[in-house]
Amino acid sequence: MKIIGTGSAMPELAVTNEMLTEYFDTSDEWIRSRTGIVTRHLCSKETLIDLGVEACQKAIENAGIDPKEIDYFICSNVANNYVTPAMSCVVQGKIGATCPCFDISCACTGFIFALDIAESFIKAGRAKKILILCAEEPSKFCDWKGHDRTTSILFGDGAGAVVVTEGDDLQSICTATTSLPDVLWYKHAMEPTPFEDGIEEHVPLQMDGKGVFRTAVTSSCKDVDQVLKEANVNPDDVDLFVLHQANFRIIDAIRNFVGQPAEKFPTNLQHYGNTSSASIPILLDELHREGKLKPGMQLVMSAFGAGFVSGACCIKWSMEK
Ligand code: UT7
């Protein structure tokens, strides 16, 4: 497959670290030095569906195609207001697409999993043009009422989308899952039936920060190493490492592992925080629109998240600005 269009949409409201000190016992200095995050954008007037629609419309326009040409639509989303129907079904009607669609829930690694599925569909001759949307509002999983400073400072909302079609951009891809449900989890309450004894309460996002950090670095380094070897690419020949935007210290640890200079690791986490699976397609869209991606450039992408899931891929970029 190859990427032929990118798009993204962010909520209007930018929430600074300073603004968060009103709600949490934290400081700008702590958040910056531990994570690199300065602001994050949170949904206020707009909904996640609005952002998803906007990101898709921009990607479709950028690809120069009619929405009706899309054969399949894959949406990566951990949770939104709708439990059912899938978010892709709601967005599909609003963007004028008519193809089958489904959602995947692979936490922050959703974009890599979606690329993997898209590649398989294209290879199998099941689809020619696939729309991928990653739309997330992880800020809504956090414990704002309980003033939990450990998670609420990390996340931001946003949406990123790409259109892919037949091509040779994807050189290698890997996905991995290790069942570690206790390192990062969020439970929402379901309607109880009269036949249950104990009813599970809603539990806001819980995280073993150090556990996530360690697992993220280990899995990402392993995945990056694997896809580089499979594509027969030397780290020196990689132009850009487009990594999941969770924490600059995690990005730095991966950078040390591959022994490459900081200029090869673009970031926007300082502006948006961790937008879960949307982070890579949002960054990709920014780089593309700023003219920083040139045909022939060697890219590596890598993401990790709750599950524990991780994935990486090597892509030879072919799109003109
Ligand atoms: O997509 C995956 C999403 N998750 C992640 O990426 C998280 C990965 N983990 C991390 O990025 C880091 O573990 C954190 C940034 C979450 C935390 O950094 P840390 O260096 O591991 O800090 P810590 O958890 O060891 O906490 C150090 C101190 C503690 O105080 P004491 O026990 O030393 O007195 C915490 O209570 O910092 C305190 N602390 C805070 N202080 C101010 C925890 N959160 C905050 C906060 N503001 N927001």
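These are my notebook entries on what I looked up in this structure, which is a predicted model.

**Entry 1: the whole chain**

I began with the overall layout and found 10 helices and 13 strands in the chain. Next I looked up the radius of gyration, which is 19 Å; a compact globule of 321 residues would have one near 20 Å, so the chain agrees with that picture. Along the principal axes, the C-alpha atoms fill a box of roughly 50 × 45 × 35 Å.

How much of the chain is buried? I noted 55% of the 321 residues. The accessible surface comes to about 14,200 Å², and carbon and sulfur atoms hold 51% of that.

I also checked how far apart in sequence the contacting residues are. Taking contacts between residues at least 6 apart in sequence, 77% join residues at least 24 apart. For the charges, I looked up 28 positive and 43 negative ones, and their mean positions are 4 Å apart.

**Entry 2: the nonpolar cores**

A reminder to myself: in soluble globular proteins, nonpolar side chains tend to be buried together. Here the largest nonpolar core has 43 residues, and those with the most contacts inside it include Leu115, Ile130, Leu284 and Met301. Which helix gives this core its largest share? Helix α5 (residues 110–123) does, with eight residues. Another core, of 39 residues, lies apart from it, and Ile31, Ala216, Ala231 and Phe265 are among its members.

I then picked Leu284 for a closer look. Beyond its neighbours within four places in sequence, Leu284 is in contact with eight residues that I could list, including Ile3, Phe111, Val242, Met301 and Trp317.

**Entry 3: two alanines**

Ala231 sits in helix α7 (residues 209–231). Is Ala231 buried or exposed? Its relative accessible area is 18%, and the cut-off for buried is under 20%, so Ala231 counts as buried. Outside its neighbours within four places in sequence, Ala231 is in contact with Gln171, Ser172 and Cys314. I also compared Ala231 with Ser220: 11 residues separate them in sequence, and their C-alpha atoms are 16 Å apart.

Ala312 belongs to strand β13 (residues 309–316). Ala312 has 0% relative accessibility, so it counts as buried. Setting aside neighbours within four places in sequence, I found Ala312 in contact with residues including Ile112, Ser172, Cys174, Val227 and Met301. Ser172 is thus on my contact list for Ala231 and on the one for Ala312. From Ala312 to Ala231 I noted 81 residues in sequence and 12 Å in space, C-alpha to C-alpha.

**Entry 4: unusual backbone spots**

Most residues other than glycine have a negative phi, and most peptide bonds are trans. I went looking for exceptions.

Where are the cis bonds I noted? One runs from Thr84 to Pro85, with omega near 0°. Pro85 is in the loop between β4 (72–76) and α4 (87–94). Another cis bond runs from Gly307 to Phe308, with omega near 15°, and Phe308 is in the loop between β12 (298–305) and β13.

For positive phi, I noted His147, at about 55° although it is not a glycine. His147 lies in the loop between β6 (129–136) and α6 (149–152), and its relative accessible area of 47% makes it partly exposed. Ser276 also has a positive phi, of about 55°. Its place is the loop between α9 (269–272) and α10 (279–289). Ser276 is buried, with a relative accessible area of 5%.

Terms used
Residues numbered from 1 in each chain as written. Predicted model: local features only at pLDDT ≥ 70, side-chain atom pairs only at ≥ 80, totals over all residues. Heavy atoms only, no water. Helix = DSSP H or I, 4+ residues; strand = E, 2+ residues; numbered from the N terminus. Rg over C-alpha atoms; globule rule 2.2 N^0.38 Å. Buried < 20%, exposed > 50% of the residue type's maximum accessible area, 1.4 Å probe, protein only. Contact = heavy atoms within 4.5 Å. Areas by Shrake-Rupley, 256 points an atom, 1.4 Å probe, with all protein chains shown as cover. Lys, Arg positive; Asp, Glu negative; His and termini not counted. Charge placed at Lys NZ, Arg CZ, Asp CG, Glu CD. Core = buried A, V, L, I, M, F, W, Y, C linked by side-chain atoms within 4.5 Å.
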